[in-house]
Amino acid sequence: MYVAAEVFRPLSSRSSAREVFAKSVSRVEIETHSYCNRRCNYCPNVVGDRLGDNKQMRPEHWKLIIGNLAEIDYAGNLVFQSYNEPLADRAIVDRLREARAAAPRARLMTYTNGDYLDAEYLQALADAGLDYMHVSIHTRYNGKYSEVDALNLIAKLVGRLKSKIRYKQVKAGSFILAQIPHSRIEIEVRSINYFEHGNDRGGLVEVVKKPPARTAPCHFPFAHFYVGFSGNVTPCCHIRSDSPVHADHLFGNLDDFGSIFEAWGGQVGAAWRRSLITPLAKGGPCEHCVAPFLGGDPQALQQARQIWERHVRDGVLQA
């Protein structure tokens, strides 16, 4: 995580923004279309507004993103996911192939509910260059978490893939972790009791256990970059790009910038970073977020406080 003084102030030129983006961002998440086939009640999609017409990311936005990543020979995680179901649209195969050509050193990843996945589709994803797949096994709508239900759904998935599975850990009432062996893709399968371990998604979802006000810093706006299907840029994965409730928390739209570097390094992005390095209580959509700061490492927390004291609290925005 790159935390020099320059990340806390707007970067005045494309070249400076590009340089700092390349040093800072290790994860880029892209929502290439809008549609999700599920309405999980621990997700903002419970309202069902992602079940309508599938809205594709505009070609000019997609070309801008991968063109900019090619400029810096991006070698971090390039993730196809957000509040859509990435595999609901098979155009993802083409997007993966294009991303692999633009950023050959990147780790191409996707998070999926697995509903559309079968052996033939998995092979197409592997051939297109996918490196990692996370399959989330979800409970039924308004259903309670159940290991029996989850294991049955996993068995159906394994049957469609004509594969084997290796269970790594099962904690009753909490989660199941497993791995599907594959020659080219790392495939993890997880079923998590989101009623117990879920996030309130920036206040969009009611959680069973409401945590206290957050005081921990957050590394997401420093090391990550998120783009929704419409080109809206968000500070983190818990801010939904198309939610009216979150409209005031966006960095802006790609149309507002000449590059993803300037979107990340602009005035709004710098303000988010200043607000989230602080050890003070957070407000707005971050108030009850439980996403850990760099794994909750005490040394990292201490370093974040020192950075805040030097660069933000006292207004010393100098190198």
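Which residues does L69 touch, not counting residues up to four places away in sequence? The answer is F21, V28, Y74, L78 and I260, where touching, or contact, means heavy atoms within 4.5 Å. Before going further, some ground rules: this is a predicted model, in which local features need pLDDT of at least 70 and side-chain atom pairs count only at pLDDT 80 or more, while totals for chains, interfaces and linings use all residues. Residues are numbered from 1 along each chain as its sequence is written, and side-chain values use heavy atoms, with hydrogens and water left out.

Back to L69, which has its place in helix 2. Helices here are DSSP runs (H or I, at least four residues), as are strands (E, at least two), and both are numbered from the N terminus. L69 counts as buried, at 1% relative accessibility; buried means under 20% relative accessible area, exposed means over 50%, and partly exposed is in between, using a 1.4 Å probe and protein chains only. If you want a sense of scale, look across to G159: it is 90 residues from L69 in sequence and 37 Å away in space, C-alpha to C-alpha.

Helix 2 (residues 59-71) also has a partner, helix 3 (residues 91-102). Two packed helices are described by the angle between their axes and the distance between the axes. For this pair the angle is about 30° and the axes are 8 Å apart. The axes are lines fitted to C-alpha atoms, for helices over the stretch in contact, and angles run from 0 to 180 degrees between N-to-C directions. Helix 2 and helix 3 are therefore roughly parallel to each other, a label for angles under 35 degrees (over 145 is roughly antiparallel, 65 to 115 roughly perpendicular, and the rest oblique). Where they meet, helix 2 brings W62, I66 and A70, and helix 3 brings R95, E98, A99 and A102. An α-helix has 3.6 residues a turn, so residues three or four places apart point the same way.

Just past helix 2 comes D73, in the loop between that helix and strand 2 (77-80). D73 has a positive phi of about 50° although it is not a glycine. Most residues other than glycine have a negative phi. D73 is partly exposed, with a relative accessible area of 35%. K162 also has a positive phi without being glycine, with a value near 55°. You'll find K162 in the loop between helix 5 (147-161) and strand 5 (166-171), and at 74% relative accessibility it counts as exposed.

Now for the rings. The structure holds 6 aromatic pairs. Rings of Phe, Tyr and Trp (its six-membered ring) pair if their centres lie within 6.5 Å; planes under 30 degrees apart count as stacked, over 60 as edge-to-face and the rest as tilted. F8 and F222 have ring centres 5.7 Å apart and planes at 75°, so this pair is edge-to-face. It ties together distant parts of the chain, with F8 in the segment before helix 1 (14-24) and F222 in helix 7 (residues 220-223), 214 residues apart. Both F8 and F222 are buried.

F21, one of the residues that L69 touches, forms an edge-to-face pair with F261, at 5.3 Å centre to centre and 70° between the planes. This pair also links distant parts of the chain: F21 is in helix 1 and F261 in helix 8 (residues 260-265), 240 residues apart. F21 is buried, with a relative accessible area of 0%, and F261 is buried with a value of 0% too. Ring pairs link F21, F225, F261 and W264 into a cluster. W264 has company as well: R273 lies over its face, at 3.9 Å from the ring centre. A charge sits over a ring if NZ of Lys or CZ of Arg is within 6 Å of the ring centre and within 35 degrees of the ring normal. R90 does likewise over the face of Y121, at 3.8 Å from the ring centre.

Our last stop is H238, in the loop between strand 9 (232-234) and strand 10 (252-253). H238 is buried, with a relative accessible area of 10%. Its side chain makes a polar contact with the side chain of R201 (3.0 Å). A polar contact is a pair of N or O atoms within 3.5 Å; within protein, one must be able to donate a hydrogen and the other to accept it, and residues adjacent in sequence count only if both atoms are side-chain atoms.
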